[in-house]
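Hi everyone, thanks for coming. I'll take you on a quick walk through one structure, so let's put it up on the screen.

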Amino acid sequence: MLKSEEVKRMAAEVGFEACGVARADALTDDEYPLREWIAKGWHAELGYMERNVDKRMDPRLLVPGARTVICVVSAYGPPEKGRDDGVAAYAQRREYHEVIKPMLSALRQKLAIDGKLCCDTVPVSDKHWAARAGLGWIGRHTLLITKQWGSWVNLGEIVTTEECDKYDAPYEHRCGTCRKCVEACPNHAIAAEGSPMINVARCIAYYTTHNPRPMPPDVDDGGYTLGCDICQLSCPYNQKIKPSV
Ligand code: SF4
Ligand code: SF4
């Protein structure tokens, strides 16, 4: 049996800024509107998102007998001051899979458990599990917003069959009536109402990171060549965050 306090202490020792523990059952369609997003066709040519939908919604289908999802946060902070090469903040730092995977592995070793390491490479939605584990909420721009580091965070998980003595409660949603990111997006990619959702066919980051096709002429690149920070820069919760790496 894992002890929540011990898991969090060890996550901090490994170097994570925060850790939350969630029970590994199915996410609801309200928590993660994946099916609605696909039905709208807003995943564009991200065909892989149509595969493994059930696993993406329920980690017990990925790791049989899973009871617990240990979620961790690694903060990277806002864009470097004075940099104007069109590279988004996350890509200004060391490639995050290279940073998080070894840290997750070290945490798993410290805890002396078996468990699947997840960091954007398996069908587990990092941000939705982080929200379930009380680490923040999903903003309208569809990123996790944490209280201390805003949305300038990378995420990872360990899905394990171990039970934990205590599970964290999901964080309260705090976007309220704000629509600053919706208004800031030059391509109107962010849904103004309903569940947080992005039409990736209108998103700069989709063309600069995922899609080998050229950006359509009616999509404004906002000056970005890798990723896009425009919606994050507009968010009130990101205004006072200092560079952390
Ligand atoms: S990343 Fe850029 S293009 Fe994509 S939704 Fe945010 S502001 Fe719009
Ligand atoms: S800009 Fe406003 S609506 Fe968008 S994620 Fe931030 S708080 Fe939420």
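Let's start with Leu2. This residue has 18 C-beta neighbours inside 10 Å, so Leu2 counts as partly exposed; you'd need 20 or more to be called buried. Keep in mind as we go that what you're looking at is a predicted model.

Where does Leu2 sit? It's in the segment before helix H1. Now look at who is around it. If you skip residues up to four places away in sequence, Leu2 touches Val7, Thr68, Leu111, Glu162, Glu163, Cys164 and Asp165. And here's a nice example of chain folding: Leu2 and Lys166 are 164 residues apart along the chain, yet their C-alpha atoms are separated by 8.6 Å.

One of those contacts, Leu111, takes us to helix H5, residues 96-111. Let's do a little check on it. H5 has 16 residues, and at 1.5 Å a residue they should span 22 Å; the end C-alpha atoms are 22 Å apart, so that agrees.

Which residues of H5 are buried? Ile100, Leu104, Leu107 and Leu111. Looking down the axis of H5, the buried residues fall within an arc of 60 degrees, so they line one face of the helix. Over on the other side of H5, Glu98 and Gln109 are exposed. And what covers the buried residues? The cover includes helix H1 (4-14), strands E2 and E3 (116-118), and strand E6 (153-160). Right after H5 comes Ala112, with a positive phi near 55 degrees.

Strand E2 is a good link to the core. A bit of background: in soluble globular proteins, nonpolar side chains tend to be buried together. Here, the largest nonpolar core has 68 residues, and the members touching the most others are Cys71, Val72, Ala130, Leu135 and Leu144. Strand E2, residues 68-75, gives the most to this core, with five residues. Take Cys71: beyond four places in sequence, its contacts include Trp129, Ala130, Leu135 and Leu155.

Now the ligands. What kinds of residues surround ligand 1? The shell has ten nonpolar residues, two polar ones and no charged ones. Among them are His141, Cys185, Cys203, Cys228 and Cys231. Helix H8 (204-210) and helix H9 (230-234) are the elements that give two or more residues to that shell.

Ligand 2 has a shell with six nonpolar, three polar and three charged residues. The residues around it include Arg140, His141, Cys175, Cys178, Arg179, Lys180, Cys181 and Cys235. Did you spot His141? That residue is around ligand 1 and around ligand 2.

Back to helix H8 for a second, where we find Thr208. Is Thr208 buried or exposed? It has 20 C-beta neighbours inside 10 Å, so Thr208 counts as buried. Leaving out neighbours within four places, Thr208 is in contact with Tyr224, Thr225, Leu226, Gly227 and Cys228. Thr208 and Gly227 are 19 residues apart along the chain, with C-alpha atoms separated by 5.6 Å.

Last stop: His43, in the loop between helix H2 (34-39) and helix H3 (53-57). With 19 C-beta neighbours inside 10 Å, His43 counts as partly exposed. Setting aside neighbours within four places, His43 is in contact with Trp37, Ile38, Met49 and Val200.

That's my tour, so thanks for listening!

Terms used:
Residues are numbered from 1 along each chain as its sequence is written. Chains are lettered from A and ligands numbered from 1 in the order in which they are written. This is a predicted model: local features need pLDDT of at least 70, side-chain atom pairs count only at pLDDT 80 or more; totals for chains, interfaces and linings use all residues. A residue is near a molecule or strand if its C-beta atom, placed from the backbone, lies within 6 Å of it. Ala, Val, Leu, Ile, Met, Phe, Trp, Tyr, Cys and Pro count as nonpolar, Asp, Glu, Lys and Arg as charged, and the others, Gly among them, as polar. A nonpolar core is a set of buried Ala, Val, Leu, Ile, Met, Phe, Trp, Tyr and Cys residues joined through C-beta atoms within 7 Å. A residue is buried if 20 or more other C-beta atoms lie within 10 Å of its own, exposed if 12 or fewer, and partly exposed in between; C-beta atoms are placed from the backbone. Helices (H or I, at least four residues) and strands (E, at least two) are DSSP runs, numbered from the N terminus. Two residues are in contact if their C-beta atoms, placed from the backbone, lie within 7 Å. The expected span of a helix is 1.5 Å times one less than its number of residues. The arc is that of the directions from the helix axis to the C-beta atoms.
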